[in-house]
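Trainee: I am new to this structure and would like to understand the reasons behind the words used to describe it. Could we look at it together?

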Amino acid sequence: MEEICLEKIIVEKSPPLHGRVRVSGAKNAALPILAASLLGTEDIILEDVPNLKDVEIMCEVLKSLGSEVAYLDANTIKINSKNLNNYETRYELMNKMRASFLVMGPLLTRLGKTRNSLPGGCAIGARPIDLHLKGFRALGAEVVQNEDNVFAYSDRLTGDMVYLDFPSVGATENIMMAATMAQGETIIDNAAMEPEIVDLSNFLNKLGADIRGAGTSTIKIRGVKHLGGAKHSIIPDRIEAGTLMVGAAISKGDVIVENVITSHMKPVSAKLRECGCTVEEGIDSIRVIGNDHLKAIDIKTMPYPGFPTDMQAQFMALMTVLEGTSTVIETVFENRFMHVEELKKMGADIQVEERAATILGKDKLFGAEVKATDLRAGAALVLAGIIAEGTTIIDEIYHIDRGYDRIEEKFRKLGANIYRKEF
Ligand code: EPZ
């Protein structure tokens with residue numbers, strides 16, 4: 001029986017974080033852009049790709065569909081989907097990562113049919129796909145769904161108007177990709193405006209697509225017959241950047257986060273200034289300086305350009321030690337407070353009422369044995385462990401590795417006492 005190695009992250013109380021750290025490429029741009037690579041019929045080179053478990057899984061999915069995928073170095077991937085020959089994704093790959101559902105739009109428009117197992121829900125919510133399927137049907141596809149799979153087919157998709165009841169990031173991306181080779185024009189109304197949508201649109205246009213309006217709530221896509229190849233560099237990860245910025249605030253440190261698009265950081269920078277941090281923006285870096293008098297704040301998660309739900313857990317860790325009472329309202333996902341119980345094990349004072357949390361700031365936290373319940377919750381526990389008295393042991397860290405490229409190395413570089421240990 002193969003020994004299953006159990007890794008945990010150990011965090012000891014650390015001095016105020018200081019120094020410079022470079023942000024990796026964005027997970028949530030790399031995954032849709034990898035899926036979009038199924039549309040290209042010539043060489044595609046992707047640079048600044050983060051080294052993540054989720055990226056590895058997406059590369060496996062592409063290979064299972066007939067794409068050639070090769071790592072040129074740790075952060076550069078070459079893809080060629082000329083011989084795409086399979087329209088069905090394997091259950092065991094789909095089941096590992098819900099973002100693999102993003103291959104549905106490209107397969108539908110390139111091959112005329114696609115069958116995918118339904119992406120499971122996850123800890124933070126049911127994660128339905130109704131808006132994705134609404135878009136495919138609007139483009140003329142027949143979509144058949146049973147309890148395990150969804151099958152879609154169409155001889156040639158026809159552009160049309162699609163209204164999204166919620167500005168879903170994944171639905172916007174899937175429909176945009178499907179529309180690139182549909183006949184005529186597609187308009188996505190109430191589209192998601194996240195920076196990762198803009199990066200995907202820029203990449204698709206480099207392949208030869210005709211997309212306008214990404215980053216606004218109305219995206220227009222004129223169908224083309226053929227998409228070629230391109231070289232593209234993935235935008236920096238605004239959520240990893242935000243996580244490192246909160247590290248400076250919570251530890252009362254002084255950190256310069258490099259490789260940042262400062263306009264993507266506006267909600268995070270604004271909230272750090274509101275609680276009393278100094279936040280200085282450079283050309284492609286942001287300096288955050290904490291202090292001893294940080295005050296309670298309120299956040300409400302919203303679709304971009306509102307405060308990002310992916311930064312909610314990290315800010316809640318900060319709030320546990322801000323002077324006064326902070327509040328969090330989570331409007332995007334229905335169950336994104338699993339980190340609350342783990343933070344309470346460390347001495348945090350948090351009350352939850354449905355989608356609202358109230359956090360009473362304490363003088364200090366205490367190290368404890370905790371577990372990462374999802375990707376961003378894990379990051380929040382790392383942040384709490386940096387300031388907690390004693391030792392914090394974080395279990396189930398595979399969640400963290402899905403979305404952060406060597407998080408402990410980045411924090412160690414800033415002076416944190418943090419390391420990974422096999423048990
Ligand atoms: C993307 O997920 C991100 N993942 C998530 O990041 C992020 O939290 C989320 O967008 C919101 O910003 C990737 O990009 C790979 P949604 P996605 O569709 O596309 C509802 C992380 O930590 N909805 O915008 O799945 C849904 O239930 C991850 O990096 C429908 O109702 O998010 C949710 O309540 C976590 N029907 C809301 O929309 C649909 O068809 C937002 O979901 C689709 C979504």
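Trainee: Which residues does L204 touch, not counting residues up to four places away in sequence?

Mentor: In this predicted model, L204 touches A36, L39, M176, M177, T180, A209, I211 and L227, with neighbours up to four places away in sequence left out of the list. L204 is also named with L34, V55 and M176 as touching the most other members of the largest nonpolar core, which has 72 residues. Helix 1, residues 27-36, gives the most to this core, with seven residues, and a second, separate core of 69 residues includes A249, A348, I386 and L414.

Trainee: Why are helix 8 and helix 12 called roughly parallel?

Mentor: The axes of helix 8 (residues 238-250) and helix 12 (residues 375-387) come within 10 Å and cross at roughly 20°. Angles under 35 degrees count as roughly parallel, and helix 8 and helix 12 therefore earn that description. Where they meet, I239, T243, V246, G247 and I250 in helix 8 contact R376, A379, L383, A384 and I387 in helix 12. By class, this contact has seven nonpolar, two polar and one charged residues.

Trainee: What makes helix 4 largely enclosed by the rest of the structure?

Mentor: A residue is buried when its relative accessible area is under 20%, and six of the eight residues of helix 4 (residues 104-111) are buried, so the helix is largely enclosed. The buried residues are M104, G105, P106, L107, L108 and T109, and what covers them includes helix 1, strand 6, helix 5, strand 8 and helix 6.

Conventions. Residues numbered from 1 in each chain as written. Predicted model: local features only at pLDDT ≥ 70, side-chain atom pairs only at ≥ 80, totals over all residues. Heavy atoms only, no water. Axes fitted to C-alpha atoms, helices over the stretch in contact; angles between N-to-C directions. Helix = DSSP H or I, 4+ residues; strand = E, 2+ residues; numbered from the N terminus. Parallel < 35°, antiparallel > 145°, perpendicular 65-115°, else oblique. Contact = heavy atoms within 4.5 Å. Nonpolar A, V, L, I, M, F, W, Y, C, P; charged D, E, K, R; others polar. Core = buried A, V, L, I, M, F, W, Y, C linked by side-chain atoms within 4.5 Å. Buried < 20%, exposed > 50% of the residue type's maximum accessible area, 1.4 Å probe, protein only.
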